[in-house]
Amino acid sequence: PMPIDSNAIREQFPILSQTVGACPLVFLDSAASTQQPTAVIDAVAGYHRSQHANIHRAVYQLSQGATRDYEEARATVARFINAAEPAECLFTRGTTESINLVAAAWGRATLQPGDEIILSTLEHHSNIVPWQLAAQATGARIKVIPINDAGELDLDAYRRLLSSRTRLVAVNHVSNALGTINPVREIIVEAHAAGALTLIDGAQWVAHGRTDVQALDADFYAFSGHKLFGPTGIGVLYGKRHLLEAMPPYQGGGDMIEQVRFEGSTYAGLPNRFEAGTPNIAGAVGLGAAIRWIEAIGLEWIGPYEQGLLAHASERLRAIPGLVLKGTAARKSAVLSFVLTDPPVSTLDVGTQLDLRGICIRTGHHCCQPLMERLGVAATARASLALYNNRDDIERFADALSEIVERAQTAASAVVEPTPTT
Ligand SMILES: Cc1ncc(COP(=O)(O)O)c(CN[C@@H](CS)C(=O)O)c1O
């Protein structure tokens with residue numbers, strides 16, 4: 001693999017060459033969803049064009065071929081995250097469904113009153129609400145790891161939260177709102193020492209650094225295809241075989257059974273037990289193509305390239321008066337969350353003004369309302385970078401922000417103080 005040639009890469013993303021009005025598109029919202037390269041678009045189109053049939057069910061060659069495509073995608077996923085075997089990689093709709101599957105199938109079958117689940121303040125709602133639902137259904141309790149003002153987990157507090165009642169520790173690998181990269185290996189080791197299992201929400205990591213679930217010794221690991229340059233509607237739940245085999249089915253239906261009788265049914269083994277109904281075959285094919293595309297570039301180059309862009313963007317934004325960066329962890333992915341405070345400009349206005357210049361960022365709570373509350377803000381503006389961004393994107397973004405601030409300062413100074421009435 002070679003260092004990132006972002007121009008050669010950008011040419012593989014047709015969507016990036018469009019203009020918004022007269023402005024070239026500057027896409028800085030990859031944490032919400034990444035764009036897809038032609039390799040993925042063509043793989044999915046090719047599947048629809050000449051390979052589609054339902055899988056696992058027919059003897060005819062077209063169906064056998066589609067089944068092979070689907071299972072080859074699973075094997076590609078297993079290799080990408082270094083799972084012990086493809087059957088430990090379940091296809092889901094995305095990170096949200098992956099986490100809900102564990103909360104429903106493992107959580108509701110295992111958790112007892114008084115058991116404890118440890119989450120963190122950084123979590124996305126999809127790694128909070130499923131656990132609240134499981135806790136309500138079982139009498140388990142949720143504990144929360146606090147963060148410092150930089151947006152880093154307080155590991156001493158985490159160690160104090162661990163106890164013999166801890167059944168699961170569920171945290172994200174990277175914060176989508178702040179970019180904080182969490183020490184998940186250390187978190188897992190300490191959870192196991194306390195006798196707890198671990199689920200890692202890897203949605204914001206898998207496209208930015210190597211994932212090795214066996215080296216991490218994660219019990220469950222979840223991610224989405226559409227944050228990995230793949231299609232929406234396809235994601236992965238990795239789980240250790242012995243844990244998945246001990247879990248009851250998540251959904252009932254075709255393919256997840258061995259034998260169905262009205263007197264009772266028996267269920268299929270892994271992975272089919274957790275893949276009821278016709279799956280998103282094209283999505284899996286697209287995810288497999290996305291992983292092969294990333295591997296051809298070399299994940300080991302992507303992180304350093306993005307870190308270079310992050311350093312330049314951070315330097316530019318820090319020079320903008322009144323801009324306050326939120327999330328200043330020592331280890332961060334290429335995410336810049338900020339607010340404009342002096343003069344105040346709402347994040348909605350920032351997003352709207354940037355859109356008028358063709359620049360796409362996300363504004364709001366980023367499905368992390370507890371984190372926003374902890375930070376003392378209702379929302380942030382967030383720019384998130386990927387390997388198809390370049391320095392020109394950063395310059396355009398920072399110049400536009402400076403312009404927005406200058407205009408707000410002019411407007412603020414133009415406000416006429418009411419003359420005091422005598
Ligand atoms: C850490 C983390 N965990 C779970 C999810 C949910 O992924 P789904 O593919 O929607 O199921 C996301 C998706 N975060 C998007 C949409 S809110 C963002 O703009 O940050 C995430 O970042």
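**A first look at the chain**

Visitor: Among contacts in the protein chain between residues at least 6 apart in sequence, what share joins residues at least 24 apart?
Guide: In this predicted model, 71% of those contacts join residues at least 24 apart.

Visitor: How many helices and strands does the protein chain have?
Guide: The protein chain has 14 helices, and alongside them 18 strands. Its radius of gyration is 23 Å, close to the 22 Å that the globule rule gives for 422 residues, so the chain is as compact as a globular protein of that length.

Visitor: And what does the C-alpha trace span along its principal axes?
Guide: Along those axes the C-alpha trace of the protein chain spans about 90 × 55 × 40 Å.

Visitor: What percentage of the residues count as buried?
Guide: Of the 422 residues in the protein chain, 55% count as buried. The accessible surface comes to about 17700 Å², and 53% of that surface belongs to carbon and sulfur atoms.

Visitor: What about charge, how many positive and negative side chains are there?
Guide: There are 34 positive and 43 negative side chains in the protein chain, and the centres of these two sets lie 3 Å apart.

Visitor: Let's pick one helix. How far does H4 reach from its first C-alpha to its last?
Guide: Helix H4, which covers residues 95-110 and has 16 residues, reaches 21 Å between those two atoms, close to the 22 Å expected at 1.5 Å a residue.

Visitor: Which residues of H4 are buried?
Guide: Among them are Thr-95, Glu-97, Ile-99, Leu-101, Val-102 and Trp-106, and Ser-98, Ala-103, Ala-105 and Gly-107 in H4 are buried as well.

Visitor: What do those buried residues of H4 pack against?
Guide: They pack against one helix, H5 (129-138), and against strands including S4 (89-92), S7 (166-172), S8 (197-201), S9 (220-224) and S10 (235-239).

Visitor: Where is Ala-104 found?
Guide: Ala-104 is found in helix H4, and it is partly exposed, with a relative accessible area of 27%. That value lies between the 20% under which a residue is buried and the 50% over which it is exposed.

Visitor: Which residues does Ala-104 touch, leaving aside those up to four places away in sequence?
Guide: With those left aside, Ala-104 touches Ala-109 and Tyr-250. The C-alpha atoms of Ala-104 and Met-247 are separated by 9.6 Å, although these two residues are 143 residues apart along the chain.

Visitor: Changing topic, which residues does a cis peptide bond join?
Guide: One such bond joins Leu-270 and Pro-271, with omega about -5°, and Pro-271 has its place in the loop between strand S12 (264-267) and helix H10 (281-297). Another joins Asp-342 and Pro-343, with omega about 5°, and Pro-343 lies in the loop between strand S14 (335-341) and strand S15 (344-345).

Visitor: Which residues have a positive phi without being a glycine?
Guide: Asn-82 is one of them, with a phi of about 60°, and Cys-367 is another, with a phi of about 55°.

Visitor: Where do they sit, then, and are they buried or partly exposed?
Guide: Asn-82 is in the loop between helix H3 (61-81) and S4, and it is partly exposed, with a relative accessible area of 32%. Cys-367 is in the loop between strand S17 (362-364) and helix H13 (369-375), and at 23% relative accessibility Cys-367 counts as partly exposed too.

Notes: Residues are numbered from 1 along each chain as its sequence is written. This is a predicted model: local features need pLDDT of at least 70, side-chain atom pairs count only at pLDDT 80 or more; totals for chains, interfaces and linings use all residues. Side-chain values use heavy atoms; hydrogens and water are left out. Helices (H or I, at least four residues) and strands (E, at least two) are DSSP runs, numbered from the N terminus. The radius of gyration is taken over C-alpha atoms; the globule rule is 2.2 Å times the number of residues to the power 0.38. Buried means under 20% relative accessible area, exposed over 50%, partly exposed in between (1.4 Å probe, protein chains only). Contact means heavy atoms within 4.5 Å. Accessible areas come from the Shrake-Rupley method with a 1.4 Å probe; for residues, only the protein chains shown count as cover. Lys and Arg count as positive and Asp and Glu as negative; His and the chain ends are not counted. The place of a charge is taken as NZ of Lys, CZ of Arg, CG of Asp or CD of Glu. The expected span of a helix is 1.5 Å times one less than its number of residues.
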